[in-house]
Structures are given as structure tokens and as C-alpha cells.
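Grab a pencil and work through a few short exercises on helices and strands. Try each task before you read its solution.

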Amino acid sequence: MLQKLREHTSGWIAKIILGMLVFAFSFFGIESYFMTQADTSVATVGGRPVAQQDFQNRMNQLRQQAQANPAQLNPDDLDKPEFRAKVLDGLINQQLLLKANEDLGLVVGSNAIAQEIAAIPAFQLNGKFDADTYKAVLAQQGMTPLGFQQKVKDDLAMRLLPTAVQGSALAPAYEVDAYLALRDQTRDVRYMDIPAPAASSGTIGAADIDAYYKAHAADFMNPETVSIDYIELKADDMKTDAVPDEDAIKARYEQEKHRFVSPEQRLVSHILVQVPANATPAQQKAALAKAEGIEKQLAGGADFATVAKQDSDDLGSKRQGGDLGWIEPGMTDKAFDGAVFGMAKGKVSQPVLSPEGYHIIWLRDVRPGSTKALAEVKPELIKELLGSERERAFNDTAGKLTDLLYSNPSSLQPAVDKLGLTVKQAGPFTRQGGASGVAANKDVIAAAFSDQVLVRGQNSDAINLGPNDLLVLRVARHQTATPKPLAEVSDTIKLRITMERREQAAKAQADTLLANLRKGESLDAIAAAHKLTVKTLAGLSRMDNKLLPQMVQEIFKMPHPAAKTPSSALVELGNGDFSLVVLDGVHDGDPSKAPEAEHKAIASQLQNLRGSAAMQGMLEVLRAHTKVEVHEKNMGNNELQ
């Protein structure tokens, strides 16, 4: 055989092969056969890459959340290295969990994916999963059903280990009792309020004011501000024909007809006999025998739901008697799918083997597929066509705008004249931005104070305010930060000095009284000497509102009183006022007085806390035994978009 091959390749066949190689090298370059692809991952976890795009997508999601609700997530934090490192840690943990699933043989069943999707409210109509709604919502998000199913599968996979670990956490009764004893603990205290001394701060001369002004110069500045001129290009403002013609509507309907097709749906229940990952022949044989036994029970008239609740290994559906709801082609794996859509209504299948194990399937009902008529979807198509026309006009105009800005970097006027745009104004605003409008947009603020715009006097690059919404700006006026005149802030400085001296005197007085108390002088004697009043409060609880929150918090931090040494503390109340506190008694709560439901609720909370701690510990163990490499050079700059 080898001799024949050698003979053939030494003749005309060899010449043809050589010619083909020369042709390929001449078009693609020989170096492409030897060059390696650049690794753009931001990290690798046991050889598994954390994709740069996944990191950027997560950062963009957080950026959108911050813009929508800055009270919960400060937009400025997103650009801090420690925040970005935390985001990357989360992605690394996800890969650690997925790798652990592989190592342990844990898999997500297709039925679990279908149930998870069907339970999402956005895909439901009148409380039930609706295939048309499902496809429409995904289309709006630019996703396909297969892509979304993979995302759901990954999300479920990342919950497998945490659910198992957290579910194994325990909260013994004695821990619940200890928690209740602490939570319901009460304390007996005596306390004495110490008002701040009168504002006798001595003379505040011109030298004092001048020294304070110089030492706190940053507190007395007029902030730097800019006012901007800008032009905005929006697809919604693009002019289009009033109504698309009928031919265009029909063409759009034929092109998008698949969106208006409701596939056949089937109402299914199943019983799963799970086959372990890497099962031995004996285990596979035992599982099949069990499945066949269940099939015989059902054939003999046994109630399907009852058998499912007793014998099914699918924890997600067994409580519902094996009910999987309505499914359509492609929602489950091929074997399950083929069986379901090859059955007659009302029939029960023989055992069907899938990656999870053997399924006995009951087809309860069938909904035939249908296609919406053109007249029914015509308004939607007209709206889409108008939107497409506006988007086309927007893209065309945006390209012209880019060219004009490139040719005229120091003026907006050429773009205004040729594209019919209007120059608008905003400002003045500081580096913290304005209260509303474009001046409150983080990207607009950054561009307005950038070197390109502020120092070089050029137009900004196009700023994306949203889908098909662009803004370009330039600085109209710039006011640098300037010190406020001393005369303007002199009264403020006098007030500050007075308050600071008063607070210093108050603290010194309170410290002296605390020292006297701890040297053995009684609280009553100290009160009498300073004409103050001692107040007594017995049975103070953690949630008591009879005292200021900072006092309650400090009282419950105080150590238990010793037999001969009182437990004392000084609590700052604000505005130079203090309270001197003596703790006389501590009484633990009685767990037996709490209702049983409360015991169970607290046990659940403690289990969750312990489970979270256990999961964190497992992640640390996984990371310690897995090679993790971070590629900082691929994490991009601080302005991921």
C-alpha cells in the first residue's frame, strides 16, 4: 500500500497537489499556517477561558443599572480597578462552578430548562407560557430561542452546586435558642446627658480667620464649570413616508412570516428514572428495569400523577404529578422531542432514553400550529417598516455627520448647515454634572471636560445617548475653579471656628467626667456636682425607640458589668452633646416565648447564612486547587461601552 502511494505521489498527482498548495499560499500567505490566534480572554480557569466579551457585557449591564438607579450603584464606582476586579472574580467563580459540575458529573436536564423558561412571567399570557410571546420578547432582545436556552442552561448549571451545598447547611435548635436569647436581650441602664458648654470660644481675630482660610482653601472655591453647545441626531426625528405601500408590507410579511407562526404544542407529563453519569452496565440495566416496571403499572391502570409523585427522579415536576406543561418542538433534547411529537394524544410511551435517564411520557393534549394572517399583523409590520426607514435615514445621516466632524473638528456649523440640525445649549455645570438633561449624562460630562474638548478646543466624538441617538458637543464657555474672596466667607469661617472650639471643649469636659466615673466616683455624685440629672431605664431592648439609635447601639456593645466594676461608656449625641452611660444589668431573652413559626423562620435564616458561608468556602477550595490566570491587558480601559 505504501509503495503504491509513493509511486503515485512521485508523478502527475504530486504536481497537482504542489500546484494547489502554491495557489493556497499565494492567496492566504504561508504565515497563516504557522501563526497562533491571539488570546483575548480576560482570564483562564483550569484551561476554561473567561471571554473578554462576557466581561464587557457584564460591565455594560452594571453601567445600565447604575444609570437607571444611581442610589443603589454609584456610576463612578464602575471605573475603579477594585470594582472591575470584583466583577472579574464573579465570572471566575462561575467558571469554577461549571468546571466542578463537569468533574462531578452534574448536568442540567432539558426538562429543567423548559420548566425554567415556562415559569418566566415575561413569556406568559394570562398566567401561562405562550410561544408567540416567548419568540417576540426574544426577538426584541436580539436573541434566538436556542441562544436563550443555552443561557438558561448555564444559569441553572451555576446553581447546581450552590443549591446542593446551601441545602445541606443545618441550624441546630440550640443555635436558634442562642440567637433568640441575644435578639430579645434587655439591659438596665442609668445615663446622664451632658450638654455642650456655652459658645465661649474667646476672641476670633483676623489672623485666626486668615489662617483657617488658608488651611481649608479647598472648602472655599467656586467650582470649575463649562457651558456647551451641542447637536443631537435621533432616529425618532427622522422624516419618513406617512405609510409604506402595500407591496412593501406584503414583502415584509413574507420575509418575517416565521415570526407569526405558532408551532404545534403538546401538553406533557413524564416520569424520570435517572441514570447516573458514567453509569455502569449494571446500573443502566437496573434503571431500564425500573422504567419498564413503571410502564407496566401505568398500562395496568395506575394513576400517572400518583406514580410520578412516588417514583419520578425529576424533583422539579414530581410534586406536580410529572406535569411539564405545554412544550413545542426544540424545547427538549432530540430523543424526548422525537417521542413526544411522534405520539398520539392520550398515549403513554415506552421508556425513552435521554442524557438524564429513562422517561415514561404521557401525552395529555395537543394544540395544532397556526399562522397569523397579514391583516392581523399589518399594524405591527407598518410600525416596523417605518422604524426601519427611520433607522436607515439615521444611519445615513450619522455617516455624513461623522465625515463632517472629521473634516471640521473645530466647529459644529458645517454639520448644522448641511444636515439641517439645530444647535442647543446646556450648562453651566461642574465636573459632577448638572441636575437634569444632557448635563446629567455621565458620558456628556466626561466629554465636556476631556482634553480633546476643553484643552484643544475641538468637537467631541459622537456620544451614544441610547439606541439610534447621538450627540456631539463643544465647549461654549469655560470657567476655571477660583477661590472665593476672604470677605465673602469670613462669617462662615467665624462660625466654623466657634463650633470647632465648642466641640473641643465639650469633648474635653465629657472625657473628664468619664475618667472620674471610672476612678470610682458615682454617677449621682458627678451629676450633683455639675447640676445634671441621672435617668434610669430598665428593660431596654435593641429595638427600643426611647433613646437615640446611637445610644442604643452603644449600650448593646458595652461589656457585661462586673460585681465591683461598673460598665460605662461615653456616647456622642451630636452638636457637642454627650451622654454618660452606666450599664447595671443584662437579661437574656427567653427562647421558649417565641412562637414555633418564628423558630422555623430563624432556623431558615441561619441555614441560609451558613450555606452561603459554606459555598464561599467551597469556592475558595476550588480556586486553591485550580490554576487561575488573570489577563489584565485584555480587560480594556475604564470606559467599556
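**Exercise 1: an open sheet**

Strand β7 (residues 225-234) forms 4 bridges with β14, and the two pair in the antiparallel sense. Keep in mind that this is a predicted model.

Task: work out which strands stand at the edges of the open sheet.

Solution:
- Start with one pair of residues: Val226 sits opposite Phe429 in β14.
- Next, write down the order of the 4 strands, β14-β7-β16-β15, with antiparallel pairing.
- Now look at the ends: β14 (424-429) and β15 (463-466) each have a single partner strand, so one side of each has no neighbour in the sheet, and these two are the edges.
- For the twist, expect an average of 35° from one strand to the next.
- Finally, add the helix: α15 (residues 374-407) lies across β7 and β16 (469-479), at about 140° to β7.

**Exercise 2: two helices crossing**

Task: decide how α4 and α7 are oriented to each other, parallel or perpendicular.

Solution:
- Find the crossing angle: the axes of α4 (residues 81-104) and α7 (residues 145-167) cross at roughly 75° and come within 9 Å.
- Angles of 65 to 115 degrees count as roughly perpendicular, so α4 and α7 are roughly perpendicular to each other.
- Check who touches whom: α4 contributes residues including Leu97, Leu98 and Leu104, while α7 brings Met158, Leu160 and Pro162, among others.
- Sort the contact residues and you get 9 nonpolar, 2 polar and 1 charged.

**Exercise 3: the partners of β5**

Task: find how many bridges join β5 to β18.

Solution:
- Strand β5 (residues 186-194) runs antiparallel to β18 (residues 534-541), with 6 bridges between them.
- Arg190 stands opposite Thr536 in β18.

Terms used. Residues numbered from 1 in each chain as written. Predicted model: local features only at pLDDT ≥ 70, side-chain atom pairs only at ≥ 80, totals over all residues. Heavy atoms only, no water. Axes fitted to C-alpha atoms, helices over the stretch in contact; angles between N-to-C directions. Parallel < 35°, antiparallel > 145°, perpendicular 65-115°, else oblique. Contact = heavy atoms within 4.5 Å. Nonpolar A, V, L, I, M, F, W, Y, C, P; charged D, E, K, R; others polar. Pairing = 2+ DSSP bridges.
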